[in-house]
Amino acid sequence: METMPTNFNPTKDGTTDPLSSIDTLALRALSLFQFKNYESASLEFSSPIVCFLGNNGEGKTNLLDAVHYLSFTKSYFHNSDALNILHEHDQAGITGEFLRAGNPELIHCAIRKNQRKVLKRNHKEYERLAEHIGLLPSIIITPYDIELIWEGSEVRRKFMDATISQYSPVYLDHLMRYNQALSQRNQVLKSYGKMGAPQELLDPWDYQLAFHALPIFEERTRFFVMLEEVFAQVYSEISGGKERGSLSYSTSLAEASMDDILKKNREKDRILERTTGGIHKDDLDFFIENQPIKKFASQGQQKSFLIALKLAQYMIIRGRSKVHPILLLDDLYDKVDDLRVSNLLDWILDKIKGQVFISDTHIDRIPDLLQSKKAAFQIYKIAQNTCLSHSTSIPHH
Amino acid sequence: MSGLPGIGRKTALRLVLELLKRKPEEVKRFSEAFIQMREHIHHCSICHNLSDEETCSICRNASRDRSTICVVSDIRDVMAIESTEQYKGLYHVLGGLISPMDGVGPSDLTVDDLLKRVGSGEVQEIIFALSATMEGETTGFFLYKKLQPLEVKISNIARGVAVGGELEYTDEVTLGRSIQLRTPYESSLKR
C-alpha cells in the first residue's frame, strides 16, 4: 500500500500502520432528553460528514457536547453534570447508537441532580465510568480551545491526560490514584496547619505519589515525543509551511525523582499546607518560530496552532487506539478566514477517514464548500432548540 | 430509626408501623434482644473482633496458630476470611483505614495494640488483608513502616485475576498488576 508521509499512525514503537488496520466508528443516531437546551430531540446520521447549521444560541454546540459526553462520560465545557440538565428539570439523558468495527454499541448516559451518573453500554451498566473511556474516542475543536493558551497549566495537563487516557487505561488508573493520594496528603498538611504535619503521617502518601508519578511521567514523555513530531507536521501542512510551530514539555520529574521532590519541598509544603511539587505541576509550552505563542502570536496564528494541536491529538489517538475517532468541529469559521477553512477542509477530507461533525452559523457556507470539494454530507438545520430538519447531499462525480 | 445506615425516612416509617402492628410482648422481646446485644457484645481486648466475652472465640481457640496475625480493617473482613476456611491464624481488626479526607488518622485505628501484640514476641508473620484501594494500600504502607523494626515477616494478600476468571475479561489495571506481581509456579502447586 502506498503511504503518504502524512498518513502515519504512530504506535508505541514508532512504526507505521496502514489505515486499513484501523477500526471504523460512526454515530448512527443520537437522542437527547432534557439535555442542556433540548427538551427532547432525536437525530439520525447516515453520512461521514454531518453539518449542524443555525444561529448562535440555538444549540449546535450542545449537540457536539452530547457526542463528547458519550465518548468521555462528561461535558467538554462543564465539570458539573447538573449544569447540563435542562433548566428547572431534575434529570437528563443522552443515547447514542454507534457502529464500531461493524458492531452496534448502544450507549446511554443518565444524569440526575444529586445522584450518581449512570452509563450503560448495550443496556448493561458500567461499574466504573473509567472503563468506558477510549471505547468510542472523539476529539473536539472549539473556540473554547483558546483556554489551552490563556489559562493555567491545569488545562494543558487535562489535554495531555484526556489524550493518553483514551488509549491507556493503565495511565488513567495511575492518574486517578495519584490525584487521590494528592488530595489525601494535602488534607494531612491542612489539618495540621501551622503545627506542621508529622512526617510519619506524610510518608505513606509520599510513597503512593512516588509510586504513581513515575509511570505517569514516563507515559507523558512518550506521548510528548509523538505529539511533537505529529504536531510539527500537521502545523506545517495546515499553515502552508510558512512558519514553524513547536511545543515543549516541562516537568520537575525530568531532573529529580518524585521522592526527592517531596523531600526537597517538605518545609515549604508544611508552610503552604499543600503539595507544591510533582507531576501535578507539569506543563506544555507552545511556540511559533521559537516565540511563546501567548505573547507573540496573532489570534489567527493561535487558532491555527490550536487546530493543529487538536488534529495531532486526533492522529495520535487513531494510531494508538486503532479506531478512527469522531471529529467534532465547533464553529469552524471562528477566527479563521475563508481560505484557511477551505485548506483545513481539504486536509481533513484527505487525512481523516472517520466521521466528522461540523457546526457553523451560516446556512450555506459549509455546504457550498463541501459541494465544491465533492464530499458527501448531511445537514441538520438547528433552530429554536428543538426543531430539526435535515437533508442529505450525495456528491455528483 | 432513620439514623441507621441504609434506612431512609420511608423505610423507617414502614418499620415503625410494622412494630406497632405486632403484639406488645413480641416488641418487648425484640427490644430486649437489642439491649442484650448492646450490653454483652463488645470488642475483643486482643484483636478487636466482636465478642461476648473479654476475648473473642478466635483468640480463645487453642488450636489457632498464634504466630500469624492477619490485619483487616473491619469485622466484616474477619467474617469473610473465616468463611474461606483457609486461615488458621489470629486476626487484628484496625477499625478502619487511614483517610485524612474522611478525618481518619492512624490514632483512630488500633495500630498501637497491634504493635504491642507483635512486640510481645510470639508473632512471626503479619498478613495484610486490606482493600486494594488507595486508602488500603496507604494503611498497609504505614503499618509496614511501623512493623519493620520489629523483625517480623510481613506479607500482603495476592492481588490479581479472580479464580475462575478469564484473562480476556480482566481489566487492564488488574491484569497489569498480576503480571508485575507474578508468583513462582511451584507456589501454585502447593495446596
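Q: Is Cys56(B) buried or exposed?
A: This is a predicted model. Buried means under 20% relative accessible area. Cys56(B) has 1% relative accessibility, so Cys56(B) counts as buried.

Q: How many disulfides are found over all chains?
A: A disulfide needs two cysteine sulfur atoms within 2.5 Å. The cysteine sulfur nearest to that of Cys56(B) belongs to Cys47(B), 3.6 Å away, and Cys56(B) is in no disulfide. Over all chains, the search of the whole structure gives a count of 0.

Q: Why is the sulfur of Cys70(B) without a bond to that of Cys47(B)?
A: Cys70(B) is itself buried, at 3% relative accessibility. Its closest cysteine sulfur is in Cys47(B). That is too far for a bond, because the distance is 11 Å.

Q: Is Leu20(B) buried or exposed?
A: Leu20(B) sits in helix α1 of chain B, residues 9-21. Leu20(B) also helps make a nonpolar surface patch of about 660 Å², with Met1(B) and Leu4(B) among the other members. Its relative accessibility is 67%, so Leu20(B) counts as exposed.

Q: Which residues of chain B lose the most area to chain A?
A: The contact involves 19 residues of chain A and 17 residues of chain B. About 1700 Å² is buried between the two chains, with 66% from carbon and sulfur atoms. On the chain B side, 35% of the buried area comes together from the three that lose the most: Pro100(B), Met134(B) and Phe141(B).

Q: Which residue forms a salt bridge with Glu200(A)?
A: The interface of chain B and chain A holds 1 salt bridge. For Glu200(A), the closest N and O atoms are 2.4 Å apart, and the partner is Lys146(B).

Technical notes
Residues numbered from 1 in each chain as written. Chains lettered and ligands numbered in written order. Predicted model: local features only at pLDDT ≥ 70, side-chain atom pairs only at ≥ 80, totals over all residues. Heavy atoms only, no water. Patch = residues over 30% accessible without salt bridge, like charges linked within 9 Å, V, L, I, M, F, W, Y side chains within 5 Å. Areas by Shrake-Rupley, 256 points an atom, 1.4 Å probe, with all protein chains shown as cover. Salt bridge = Lys/Arg side-chain N within 4 Å of Asp/Glu carboxyl O. Helix = DSSP H or I, 4+ residues; strand = E, 2+ residues; numbered from the N terminus. Buried < 20%, exposed > 50% of the residue type's maximum accessible area, 1.4 Å probe, protein only. Contact = heavy atoms within 4.5 Å. Buried area = accessible area lost by both parts, 1.4 Å probe.
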